[in-house]
Each structure stands twice: as structure tokens, then as C-alpha cells.
Amino acid sequence: MSSREHILAKIKAIPKEASPLPEIPSFESPLGHKAAFILSIQANKGEVITESELKDFIAINRFEKILNLTKGMESLSTQPLPSDAHELNELEVAIIQGQFGVAENGAIWLTDENMGLRVLPFITEHLVIVLNEKSLVSNMHEAYNKIGIQHSGFGLFIAGPSKTADIEQSLVIGAHGAKSLRVVLTNL
Amino acid sequence: MSHPTKASEFLQDAAKAKWHDETLWFVRDKRDNISKTIPEWEELRELASQIKDNVLANLETYLVEFEKNAKANNIHVHWAKNAEEHNQIVLGILQNHQCKAIVKSKSILTEECHLNPFLENNGIEVVDTDLGERIVQFLNQPPSHIVLPAIHLKKRDISELFHEKLQTEKGNEDPTYLTHAARIHLREKFLGAKVAITGVNFGVAETGEFVVCTNEGNADMGVHLADVHIACMGIEKIIPRRKDLGIFLRLLARSATGQPITNYNSHFRSPAPGKEIHIVLVDNGRTEQLGREKFKNSLKCIRCGACMNTCPIYRRSGGYSYGSVVPGPIGSILSPGLDVKKYSTLPFASTLCGSCTDVCPVKINIHEQLYEWRQEITKAQGTNTKSISMKIANGIFAVPFAYKITGAMMRGALKILPDSITYSGLNIWGKQRDLPETPKETFKDWYKKNRK
């Protein structure tokens, strides 16, 4: 008997009482999504900025390695998406389009089509996500309703920059991944 | 070694023990505060509990569905009866790819299977990439907490360690400085690894996808740069539907660290072009636990660590005092299922206050199971020191005359007995406890005098 058969047979042999799978209510919050989303991003140590603030951020820091995958900010891009993910190691800024955001926790949903290469939002020094404020939803239940049966090889809820508190519980931003997250909210 | 013995070792550094206690309580407090911002919090716990009950009642169906969907997504699915088979499967995949060095993100299952020493004995370099796990790996220690692996260490310890291993400045204890040194060190490892191993937080039967949650982004840095991703998953990590993630992701990080969600929640459904994903489904004692009616609920655990942060014993005895991969209250009900003799003292490392049960996001009746394990263990072991004194006490309380005589004797004896006898090894309650001053007369005598 293979291990698969062995494990499944063992589980099957255990007497079990039926236990119904509950339906999940939507728990929608009546509060304004935009204000709540901004507070959530800030609590996660990210920032919500305008497009002109993004341009200032790039100019002041004199970033030279910028990769843009959004429609509308092509002029900021200094390099195309490489074929090998390892070539992104020196990338300073990645600008990508988010599909929607979640007000209760600041999580932004991305899939393969937004990331180009899956490592992009992690390996870049600074991450910028452009998000339409009309896309905001209240909570994670609404978020998964919105995702529905969408099929992507890789999906990601990203809620802030890379962080750790593994040394004496002191919060440090920029553990392995992006050292900052900036969200540009648009209203189109 | 027993829990009390190891706990007294931990308590020798009183200042550190106090810091440990207070820091974990602070995390518990954060969990309380954030849970109160969600009006439906208790309803979420109830739903999570019901979903997990449904999973345990239909586990084989969901596993088969998960396997079918994962395979349709070009994921390789492996099954392992035990730790040894799990380790062999992982080694086999590494050998197929002629891989000699891997990066690994947090996986309590691979700790349980002792994968690191097994791979190292087979000539493979394993690098744990979670910062806390890298720190304890440098020290050849296991994690002392499932969410905060290095919570037993102070920044001075880590500064000294990094000075030796990563050539950081001597005496520089700044957490940001030390973290960024680790970032540079681990970035090289990420760029060089051909295979990356992760754990799994949730496997979704409906879609065949699995979800991995981190704050550091280390799991993703590893797998997206490597050619092969191996995900090791206990069979109880299955959930039925994608939308169930809405419940569990709302509960997990809030319960674990008091944050609304982990910063990275990655949903792996199929490999990127030219890459491979393998899932190893592991039993290793889980089906036995499922067959124990009183203890099967322990398999609902989502490994948030909230029961550790709240536990008065865990906070004051440290993760290592348990001597098990999963410490704390949940570890004390899981571990005896794996080896009841080895872990026989763990269910007694509790005050049965029930705080673990109160904070558990999937409503496991942890403190009741601790009590049940005590019954099983006492039955199996026969008497111990505490139970001998309990039996004597039982005899005394049952006979009024014996009670009267003993009371008078004890009042006399406690005054004249030297501490060496009252606090002897036979009286384990004497440790760190002072006896009360004995009253001059009994309540009975007082009542006779004053209420004539």
C-alpha cells in the first residue's frame, strides 16, 4: 500500500460525526473605506501619497533604477522587466498596479499579471503600488468574494513593507524585502 | 528531563525571566486590543472552529480534492506517513536537482521532522531565513516560540553572535543595525539557492492552492528566486474553500502578534514558467491524534502562538522548558500524543486557568485537554510524590477524629520543625512558597469561646 493509500485508509477508519460547513456572513462595515484604508496602511508602516509626491520621492533620492509596470507612469521607468529574476537585485523602485485594497487591514491584492516577475514586489528596495480608491473593499470576506474564482498562478495580499521584530521585539522595517511601501491612490 | 527541572534553569536569570514574562504579556495585550476593534470577533472564532470541525470530519475527502486540484495546477504532490519518509522525499527532490544548498522559511513541521540535521548529514547546507530562526540556527538551538523563535534572547546575545558570525561591530546592539547586517547576509543566500523550502499556513481543497504568511517576506524571496519550491504541509492544514481564508487571515495575525494581517500573504496555485512546486503532505502522528476522541480538537490549531503569550507558566518558564517542538499549552496537548512517556510532565505545566482556551482563535478547549491528559498520564504512571500526599490528605479529611488530631499536631509541629523538613524534597509545594503563620487556636475553639 502506498503512503497515500495508507494515510487515507487510516483517516477513513476513524468514526466521525458529521459537522456542517458554515456559511460566511459578509460583516460589512458602514465606515468610509478610504479613511480606514489610509489608517491601516500607516499602521502597517506604509504611506499613502499622491502622484506628485511620488515624483518628488524619486527626484530627491536620485533613484536611477526604476521599473514601472503601471499604465500612466511610463516616463518614470528607467529599465524594462528582465527575463531573469536575479537581475532585479539592484532595483531601487518598482511601481506596480494593485487590483484592489482592503480597508480593515491595508492589504492590496496582486496577481502574476501585476507583478511581471513574482519576486518583484519583494526584491525591490522600495515598492510603490498604484491603486484606484474606488476599488477599496471593507474587509477580507468582501475581498475573497471579489477574487471569486479568479485563476492566477500566484496571488498576493501585501499590506506593508518587509518588517521584523525578532530582536527583542523591536520593530525594524526592511528585513529581507522592500524597505518601504508607498500607495498612490487614484480616483479615475 | 522534566518541565519543572528545566523551568528552574530558565528562572536562574531572574531579570531575563521577568523581561520574557512582561514582553509576552505585552503581545497578549496587543492581541486583546486589536480583537476588540472587530465587533464580530467572537463570531469569527466560532466560524473558524466550525470550519475546522468540518475539516476534521471530512479530512480524507478534502485531501483527495486538494491533491486533484493541485495536480491539475502542475504541482507535484507527495505523501509521507512519518518524519523519516518526509525527509527522504525532500532529499530525493534535492538530489534530482543536484542541489547542495537550500534556503528555508519558517516551518514548524520541518522542525518536528528534524529535517535540518537530516539534510546536513547528507551534505546539504540549510539556511533558515526568518531572522529569529537564523539567530537560533547560528546557536544550534531550536526556536523557543513558534512565532517569535528568538524571544528567549536579549539583543546583547544577538550582538555578540552577529559579531562572531557576520562580523558586525563589537558591542553594537542596535536592532536596526543588526537586522540590516542579516539582510545583507541572507540576500546572498537567496540569490544563490536553487531550491527553497517553506511551510504552509493553509491549503485550500477547492482550488489546490496554498497560502504562506510572513512579515519579513523571506518565504517569497526564497521561492521566487529558486527553481524549485518545496512546501511541507501537515495534513490538518487543509481548509475547504477559498473564502474560508477570509475568516482565518482575519484571525491569524491578530491572534499572533496583534497586527491586522501579516504583510505578505502569498497564494501559490501553480509554478511560474520553467519552475517546479512540490507539496509534501505529512501525517506523522496526526491520524493517531484524530482517532483520540478527547484530543482530536488539538488538530484545529493554526499555530498563532496566542496560547503561549497568555500562559502564566509559559511566560515564566520559557519555551525550552517544554522540551518539545511546539511548546506552551498547545504543545502540551499535542506532544503527549507523539510520545506520552517523554512528554509526561507537560500537561502538568499549567494552572488550568483556561486563558489559553479563551484566546484560541479556533476555540480549542486546551485547558480541558490538559486536564484529560493528566488523567491518562496518572493512570499510566501510577502514584507520584504529589499523589501520595494527596492520598494521605484524603484519609485525614474523610475521618473527623483524624482531622482534629492532625490539626493540633500540625499547629504544634509547624512551629518547631526546621525548614529542612517542611521544605524537603518530598514537599514540592514548599518550593518558592512560604507556609502561613499558624493560628494559636482552631476556628472551632474560637467559636466556642466567642459564640456561647
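This tour moves through a predicted model, from chain B as a whole to its boundary with chain A, then to the sheet of chain A and to selected residues of chain B.

**Chain B as a whole**

Begin by selecting chain B and displaying its C-alpha trace, which spans about 95 × 55 × 45 Å along its principal axes. Coloured by secondary structure, chain B shows 22 helices and ten strands. Of its 452 residues, 48% are buried. Contacts in chain B between residues at least 6 apart in sequence may be considered next: 73% of them join residues at least 24 apart.

**The boundary between the chains**

Now display both chains and select the residues that meet across the boundary: 66 residues of chain B are in contact with 58 residues of chain A. On the chain B side, helix H10 (residues 175-192) supplies the largest share, eight residues. That side of chain B divides into 31 nonpolar, 20 polar and 15 charged residues.

Two places on this tour show elements of one chain set against elements of the other. For a pairing of strands, select residues 154-158 of chain A, strand E7, together with residues 264-268 of chain B, strand E9. These strands run antiparallel and are joined by five bridges. Within this pairing, A:Ile158 stands opposite B:Tyr264 of E9(B).

For a pairing of helices, select helix H6 (residues 140-147) of chain A and helix H12 (residues 244-256) of chain B. Their axes come within 8 Å and cross at roughly 145°, and the crossing is right-handed. On the H6(A) side the contact is made by A:Met140, A:His141, A:Ala143 and A:Tyr144, and on the H12(B) side by B:Leu245, B:Gly246, B:Leu249 and B:Arg250. By class, the residues of this contact are five nonpolar, two polar and one charged.

**The five-stranded sheet of chain A**

Hide chain B and turn to chain A, where five strands form an open sheet with parallel pairing, in the order E1-E10-E6-E3-E2. Which strands stand at the edges? They are E1 (47-49) and E2 (66-68); each has a single partner strand, so one side of each is left without a neighbour in the sheet. From one strand to the next, the twist averages 20°.

The pairings can be followed from E1(A) inward. E1(A) and E10(A) are paired in the parallel sense over three bridges, and A:Val48 stands opposite A:Val183 in E10(A). On to the next pair, E10(A) and E6(A) share seven bridges, again in the parallel sense; here A:Leu131 stands opposite A:Leu185 in E10(A). Strand E6 (residues 126-132) is in turn paired with strand E3 (residues 93-97) of chain A through five bridges, also parallel, with A:Gln97 opposite A:Val130 in E6(A).

Select strand E10 (180-186) of chain A and add helix H3 (residues 51-61). Helix H3(A) lies across E1, E2, E3, E6 and E10 of chain A, and runs at about 145° to E10(A). Five of the seven residues of E10(A) are buried, so this strand is largely enclosed by the rest of the structure.

Colour residues 85-185 of chain A next; an unreviewed UniProt entry places the feature "domain: LUD" there. Over this stretch the chain is 16% helix and 33% strand, and its end C-alpha atoms are 28 Å apart.

**Selected residues of chain B**

Bring chain B back and centre on B:Cys356, in helix H17 (residues 355-359). Is B:Cys356 buried or exposed? It has 28 other C-beta atoms within 10 Å, and a residue counts as buried at 20 or more, so B:Cys356 is buried. Leaving aside residues up to four places away in sequence, B:Cys356 touches B:Cys307, B:Thr310, B:Cys311, B:Pro329, B:Ile366 and B:His367.

Finally, visit two loop residues with positive phi. B:Asn74 lies in the loop between helix H4 (59-72) and strand E1 (75-80) of chain B. Its phi is about 70°, although B:Asn74 is not a glycine. With 14 other C-beta atoms within 10 Å, B:Asn74 is partly exposed.

The second is B:Gln167, in the loop between helix H9 (155-166) and H10 of chain B. B:Gln167 is not a glycine either, yet has a positive phi of about 55°. B:Gln167 counts as exposed because it has 10 C-beta neighbours inside 10 Å.

How values were computed
Residues numbered from 1 in each chain as written. Chains lettered and ligands numbered in written order. Predicted model: local features only at pLDDT ≥ 70, side-chain atom pairs only at ≥ 80, totals over all residues. Contact = placed C-beta atoms within 7 Å. Helix = DSSP H or I, 4+ residues; strand = E, 2+ residues; numbered from the N terminus. Nonpolar A, V, L, I, M, F, W, Y, C, P; charged D, E, K, R; others polar. Pairing = 2+ DSSP bridges. Buried ≥ 20, exposed ≤ 12 C-beta atoms within 10 Å, placed from the backbone. Axes fitted to C-alpha atoms, helices over the stretch in contact; angles between N-to-C directions. Left-handed = near helix turned anticlockwise from the far one by under 90°. UniProt positions renumbered as here; feature names shortened; annotations may be inferred.
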